[in-house]
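Welcome! Take a moment to turn the model around on your screen, and then let us walk through some of its parts together.

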Amino acid sequence: MEDDFDHTLDSNYGSSHDKVIVHLDADCFYAQVEMLKNPELRTLPLGVQQKNLLVTCNYVARQCGVKKCMLVSDAKRLCPSLILVKGEDLYDYRQMSTKMTLLLQKFSPLVEKLGLDENFVDVTQLVAETLKSDFAGGRNVEGHVYGDTTSMCDCGCYERLCVGSQIASEMRKQLKEELGVTCCAGVAYNKLLAKLVCSTHKPNQQTTLFPAGVSALMLNLNNVRSLPGIGHRTSEILQSLGISSIEQLQNINLEPLEQALGRTMAERLKKLSVGADDMVVKPSGKPQSIGLEDGFRKITLESEVKDKCEVLLQRLMILLVEDGRIPGAIRVTVRKYDNSSRYSHRESRQCNIPSSLFLPKVGTLPSNAHDKLLTSIMKLFHKIIDISKPFHLTLLGVAFTKFHERNTGKGSITSFLVKDISVQSVMNFQNISLHGVEAMECSSSKNAGKQSGSTLNYADKSGSESEPEPSPKKTRADFCRGSRKRSLTESDKDSPNKHRSSELRLSTGEPINEVDFSKLSDGIQEELMESCMSLPSLTDKLGISDNSSPNTSMSSEDNFQCPSNVDPTVFRELPQELQLELMESWQTKDRETLKVANSSKCLPGKPKQNSILKYVISKK
Ligand code: DCP
Ligand code: MG
Ligand code: MG
């Protein structure tokens, strides 16, 4: 039976033991965060509720038979003393999630987040470094070992996985000490196995899987749905082929599977069924879309749609500000009630939105951005739903997509213009009323439009989301002995923006006396302009409204002013925004010069390093 499968593949495909992957999953995550916020809850049975569903509960409650994803009413029946907290506002869970991922990035730059409470960490490099050093603990396993350890592989994976288990233990220790969070960990040579073995000892424990235990682990899975990426559709197709168990999947020929699911899917499923997985740990980047959805029984009126969308939009703005990027499009999703079909039918439309809506003041939006966005949302809604006919919706979703970064990186020209870009803070939005926001599903998809089940990725079955993370700042932890150097972080690496700004610097060398803006490369011109437009401080100073109407007073010949140390001809050529900033810097500089006139450190009129002034200062 394996012939069909193997002839297309390298037999080693996805099953080499070279890597060491740690998978971490926080215990009763939302409940843990709630218990950290209110430690008195620790010893009491606690459930976290979204609408009428118990999304999770602590392990005290689990001892009473309460389970995740139960109806609240059932949970209460099982455990009348169950304390319920509302879990609709994901803010604290996200914050903790981000901190967990950041902490893990100290061990390896290869950290992939899955949902809010799980991370894969590829520690292959750290293991290799450890084994290369005079590390003596190479054959001690931390925590549990899954299955058989009598037969050993001779490729060196035993030592590698042992060291992996020690790293996992150190990770869990640090998560507990620094964040107060307990986690389970799974250690194996691929992602699939690390994830699967992680949940074999819960809570707050870890398990290592050696090759000899793989077969037992796979055969002990309840059914094919335990494999990542198998949703209800795929499992129904498999069911129609008479497959529900892993063993059946292992034994079926590739051909019928291929006919039913296509070649790629069929091959991947066959591999997964025997524990083979070649997916790499992909460092989590920012998601392609950020969205919120709200499900309900019935909405039939346009006014209800508008109200729901308004609430969704308000919440979405918080996420957007947290993310920091500027979206280029907005998408609306609806689910229409369909009596005839067992499965929900979603429909989406999206349209582009102007960046200018998101440019002003950091941490806030122009007052009419919300209204404009809501108008776009309703237009999209009307494209999907003909309101002249009766309609029945069971879900509404709003998402931002087509993101681009604000040009605020170190290498960006922006850094010449603004010394301190404030970190956008969600705190500015905390006074938004969350009242009426119920059990919103947060979707943050890397693969907008693709439904889970149609691809075989590690889709998060919990329905939570993947989060954008800032680059790691700290060096890799010294988990055992000897200090280890971390490989380059993203911010260490050269970026296109850095190249661009150095292009500008290199072409000038010493501060030049004349720069003709129009002679700068298109890219740099664009970047300068964009920087001006996207800088909150500057746009504020310029009084740019959301339609970006320029302040015309500076261009008036009558009012023409120019910093004394700048060539007037050059100055005139510059865009008004730059003129304004130069004026401002000049005036500030003058004030500073006055203040520190007696200081020998200060060269009056000399622009600061990295100041845009140095490009336009005339030699006098
Ligand atoms: N979650 C959710 N909706 C679901 C399932 C989960 O909102 N249908 C949330 C609540 C969980 C969190 O996601 O706390 C993480 O999901 P897990 O499946 O990892 O469950 P827990 O971490 O709560 O429990 P465990 O200790 O079993 O990992
Ligand atoms: Mg968990
Ligand atoms: Mg989880």
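## Starting with a pair of strands

How many bridges join strand 1 to strand 7, and do the two run parallel or antiparallel? Five bridges join them, and strand 1 (residues 21-26) and strand 7 run antiparallel. Before going further, please keep in mind that this is a predicted model. To find the pairing on your screen, look for Leu24, which stands opposite Asn119 in strand 7.

Strand 7 also has a partner in strand 6 (residues 111-114): four bridges join these two, and again they run antiparallel. Here Val111 stands opposite Val121 of strand 7. Strand 6 and strand 7 form a hairpin with three residues between the strands, and in this hairpin Gly115 takes a positive phi near 65°.

## Strand 7 up close

In a regular strand the side chains alternate between the two faces of the sheet. You can follow this in strand 7, where Glu118, Phe120 and Asp122 point one way, while Asn119 and Val121 point the other way. Are these residues buried or exposed? All are buried. Strand 7 (residues 118-122) is thus described as mostly covered, with five of its five residues buried.

## Two magnesium ions

Now look for the magnesium ion called ligand 2. Its protein donors are Asp25 (OD), Ala26 (O) and Asp117 (OD), which lie 2.0 to 2.2 Å from the ion. In sequence, the donor residues of ligand 2 are spaced D-A-x90-D. The site of ligand 2 is octahedral, with six donor atoms and angles of 82 to 171° among them.

The other magnesium ion to find is ligand 3. Which residues coordinate ligand 3? They are Asp25 (OD), Asp117 (OD) and Glu118 (OE), at 2.2 to 2.8 Å. The donors of ligand 3 follow the spacing D-x91-D-E along the chain. Distant parts of the chain are linked here: Asp25 sits in strand 1 and Asp117 in the loop between strand 6 and strand 7, 92 residues apart. Asp25 bridges the magnesium ions ligand 2 and ligand 3, which lie 3.4 Å apart.

How covered are these donors? Asp25 has 21% relative accessibility, so it counts as partly exposed, because buried means under 20%. Ala26 has a relative accessible area of 5% and is buried. Asp117, at 15%, is buried too.

## Around ligand 1

Ligand 1 has 15 residues around it, and Cys28, Thr56, Tyr59, Asp117 and Lys202 come nearest. Asp25 appears again in this part of the model: a polar side-chain atom of Asp25 lies 3.2 Å from an oxygen atom of ligand 1.

Backbone atoms take part as well. A polar backbone atom of Cys28 is 2.7 Å from an oxygen atom of ligand 1. For Phe29, a polar backbone atom is 2.9 Å from an oxygen atom of ligand 1.

## A contact from a loop

Where is Thr182 placed? Look in the loop between helix 7 (157-179) and strand 9 (183-188). Thr182 has 16% relative accessibility, so it counts as buried. The side chains of Thr182 and Asp27 are joined by a polar contact of 2.7 Å.

## Helix 5

Helix 5 (residues 91-104) is a nice place to check a simple expectation. At 1.5 Å a residue, its 14 residues should span 20 Å, and this agrees with its end C-alpha atoms, which are 20 Å apart.

Why is helix 5 described as largely enclosed by the rest of the structure? The reason is that ten of its 14 residues are buried. Among the buried residues of helix 5 are Tyr91, Tyr93, Arg94, Met96 and Leu104.

## An open sheet

Finally, find the open sheet of four strands, which has the order 4-3-2-5 and mixed pairing. Strand 4 (70-71) and strand 5 (83-86) are the edge strands, because each pairs on one side only. Strand 5 is joined to strand 2 (residues 46-50) by four bridges, and these two strands run parallel. One residue to look for in this pairing is Val48, whose bridge partner in strand 5 is Val85.

Note on methods:
Residues are numbered from 1 along each chain as its sequence is written. Chains are lettered from A and ligands numbered from 1 in the order in which they are written. This is a predicted model: local features need pLDDT of at least 70, side-chain atom pairs count only at pLDDT 80 or more; totals for chains, interfaces and linings use all residues. Side-chain values use heavy atoms; hydrogens and water are left out. Donors are N, O and S atoms within 2.8 Å of the metal (3.2 Å for Na, K and Ca); water is not among the atoms, so sites may look incomplete. Four donors count as tetrahedral if all angles lie between 85 and 135 degrees; four count as square planar and six as octahedral if opposite donors are over 155 degrees apart and all others between 65 and 115; anything else is irregular. Buried means under 20% relative accessible area, exposed over 50%, partly exposed in between (1.4 Å probe, protein chains only). The expected span of a helix is 1.5 Å times one less than its number of residues. A residue is near a molecule or strand if one of its heavy atoms lies within 4 Å of it. A polar contact is a pair of N or O atoms within 3.5 Å; within protein, one must be able to donate a hydrogen and the other to accept it, and residues adjacent in sequence count only if both atoms are side-chain atoms.
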